[in-house]
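Got your viewer open? Let's take a walk through this one, selection by selection.

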Amino acid sequence: MRKLLQPILAVALGLALGLAVTWIAGESPWHVLKILEKGAFGSGYDFGMTLFYTTPLIFTGLSVAVAFHAGLFNIGAEGQLTVGALAAAVVGAVWSGLSAPLAPVVAVLAALLAGTIWGAIPGWLRARRGSHEVINTIMLNFIAAGLTSYVALYLLKNPDSQNPETRPIGPGYLIHQFGIFGGAPVSAALPLAILAAALVWVLLWRTSLGFEIRAVGQSEPAARAAGIDAGRIRIIAMCLAGGLAGLVGVGEVLGNAGKFKVGFSPEFGFIGIAVALLGRNQPAGILAAALLFGALHKGTADLDFETEHVTRELSLILQALVILSVSADGLWSWMKERRRPVIPETAGGVTC
Amino acid sequence: MLAQLLASTLRVSTPLIFAALGGMFSERAGVVNIALEGMMLLGAFGAAVGTLVTHSPWLGSACGMGAGILLAALYGLFAIRLRANQIVAGTAINMLALGLTPFLCKILYDVTGSTPPIPIDQRFRTAPLYLSWVLVLVCWVWMKRTPSGLWISFAGEHPEALNAAGIRVNRVRWLAVLISGALAGMGGASLSIFLSSSFSRNMTAGRGFMALAALIFGKWKPVPTAIACLLFGFAEAVQIRLQGVSLLGSKPIPVQFIQILPYLVTILVLAGFVGHSRAPKAAGTPFQRE
């Protein structure tokens, strides 16, 4: 019960604080909330756009969660999804003659592979060189941004556009978009993401590899004592995390843009951290959290022209506040402590 | 041309030096500071607004430092008091700053993303540059020669020992985090009212992370860290210089490779391929007294 209650309370607290900010800005929070609701769920198209933003968040949320179960912090989903998307676009642009059903499969595999490699690097560095994955993944995010924009600007530049983007992919690569969302680019990437969530659940809780991953994450010495090669498991976990993030490219490149656009991701990788955290690193929770953040992202997009003082950046503020309220482990125990009568002698410095 | 390049290296290194020294305090005291980027960004915003209001870059940079301290206090509340995971809280602080700054711009100036330009006579010309190098010396003396410098190191290496000596670990950590907020704020200020003429959306563009990289590169010590900032600044200066310049024919030089160099070098250093760099032992672990 507490497991479910805590994230819900955290979301409520984060949203309440965020809406209080809009009140300071001179807008009625109720009005803002209604715009958010209408923007995210108001029509078939709006809901479709919400689902379109939900899809990459499922992938990045799963990516962060898998790494987390192995005791690793994957701040690098942003870089992994960037190279994944680029790989899909490069394959599609270079072998543009390929036709369906082979073409999308090849592109999906390319995205998966590129993400996996980008995840393997910090995994290997952590396992074999002992350098911390947080710094390495942050650095790799910047390297990915630099390399991909090099490819998009110099090697595969779209000759018909002024924007930094690659040449369009062949028509055989485009995947099916569902018609019921009024033209919103909801593609086969969404069922793929849900399938990935199911597979991650099976992997983590129903296979021996998953057991080993969780064992390493819970206690490395214990896992070592049980004969598990912790380094190997960490590399595998980071490969999986990278591959999952790389799949973001499927919905974006094959299901929407038809090319790689520099800066297409509004920090999906970082929001994925919030998704995993809020979803308590469980696949089902991640699906729900991704939908919530997808809805926030879509809902706030209308704020720029629907209100006078509130901008779409409110989504970042809301997300930050939700993350903070979920992350505060001590907040919950502190609230409990408060309910108990305070004993005078220890009151001054229990944790200070 | 070389003199120009060196001058521009010194200029663009300034925000990095402030932020990296800020990061040094918090990380040496055992609080990992991913939030440097956000503190810098809010500092840049605070400084621009402060200068526009007071017409003085000095008061403006004080506002920037204040904004950095404010965000650092929020970070400290979560990372120290509420024992949140420092990486998660840091990421959230960065997001908050990224969202809050354009939001506040809209409220204050009714434009999204940036503040109005600051007149040139109200901006800094060279002061932050000299100040940053004075600060390097101050930090070096502070960490090496004063008791409080020693406390900060102990809070990050052996918090239990510091606690046994009767010093409150979390007080030292609070102090270090607030200092890091002030310095990161000053770093942001030198971006908005020294290197450019206004605040613009996400104007730090990863400089907080670059400062973090310089900190690692400099093995968490003031003087080497400042030298690392100069190296990274040099890479940035070269890149600005080469932007759009063609070499041998029509193709422009791809600056992306120079851009990623500092990050690549950091990974190599951290992995022990080039020298070795070790983080403070207790960095990232919340301290709780028995």
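Which helices of chain A each supply at least two residues of the lining of the second largest cavity? They are H3 and helix H12 (268-278). Before you zoom in, bear in mind that this is a predicted model.

**Stop 1: the second largest cavity**

Select A:Val64, A:Phe68, A:Phe73, A:Ile273, A:Ala276, A:Leu277 and A:Asn281, then add B:Val88 from the other chain; together they line this cavity. H12(A) has the largest share of that lining, with three residues. The volume you're looking at is about 50 Å³. Colour the lining by residue class and you get seven nonpolar residues, one polar and no charged.

**Stop 2: the largest cavity**

Now move over to the largest cavity, which holds about 130 Å³ of space. Its lining has 16 residues, and those closest to the centre are A:Phe52, A:Thr55, A:Pro56, A:Gly251 and A:Glu252, so pick these as your centring selection. For the wider view, show helix H3 (44-69), helix H7 (189-206) and helix H11 (248-257) of chain A as cartoons: each of them supplies at least two lining residues. H3(A) gives the most here, with five residues. You met H3 at the previous stop too, where this helix also supplies at least two residues of the lining. By class, the lining of the largest cavity splits into 12 nonpolar, three polar and one charged.

If you'd like to keep hunting, the full count is four cavities of 30 Å³ or more.

**Stop 3: a patch on chain B**

Time to switch to a surface view. Select B:Leu137, B:Trp140, B:Val141, B:Val223 and B:Ile227: they make a nonpolar surface patch of about 420 Å². Turn the cartoon back on and you'll find two elements that give two or more residues to the patch, helix H5 (127-145) and helix H10 (222-242) of chain B. H5(B) gives the most, with three residues. B:Leu137 is found in that helix, H5 of chain B, which makes this residue a handy place to put a label.

**Stop 4: colour by confidence**

Last, stay on chain B and colour by pLDDT. The mean for chain B is 89, and 94% of its residues reach 70 or more. Where do the extremes sit among the elements of chain B? Helix H2 (residues 36-54) of chain B has the highest mean pLDDT, 96, while helix H11 (residues 256-270) of chain B has the lowest, 84. As a rule, predicted coordinates shouldn't be read in detail where pLDDT is low.

Conventions:
Residues are numbered from 1 along each chain as its sequence is written. Chains are lettered from A and ligands numbered from 1 in the order in which they are written. This is a predicted model: local features need pLDDT of at least 70, side-chain atom pairs count only at pLDDT 80 or more; totals for chains, interfaces and linings use all residues. Side-chain values use heavy atoms; hydrogens and water are left out. pLDDT is the predictor's confidence in each residue, from 0 to 100. Helices (H or I, at least four residues) and strands (E, at least two) are DSSP runs, numbered from the N terminus. On a 1 Å grid over the protein atoms alone, a cavity is a set of points where a 1.4 Å probe fits but cannot get out, and a pocket is an open set with protein on both sides within 12 Å along at least five of seven lines; lining residues have an atom within 4 Å of a point. Grid points are joined across faces, edges and corners, and a volume is the space filled by probe spheres set on the points. Ala, Val, Leu, Ile, Met, Phe, Trp, Tyr, Cys and Pro count as nonpolar, Asp, Glu, Lys and Arg as charged, and the others, Gly among them, as polar. Patches are made of residues with over 30% relative accessible area and no salt bridge: like charges are joined within 9 Å, nonpolar side chains (Val, Leu, Ile, Met, Phe, Trp, Tyr) within 5 Å. Accessible areas come from the Shrake-Rupley method with a 1.4 Å probe; for residues, only the protein chains shown count as cover. A salt bridge is a side-chain nitrogen of Lys or Arg within 4 Å of a carboxyl oxygen of Asp or Glu.
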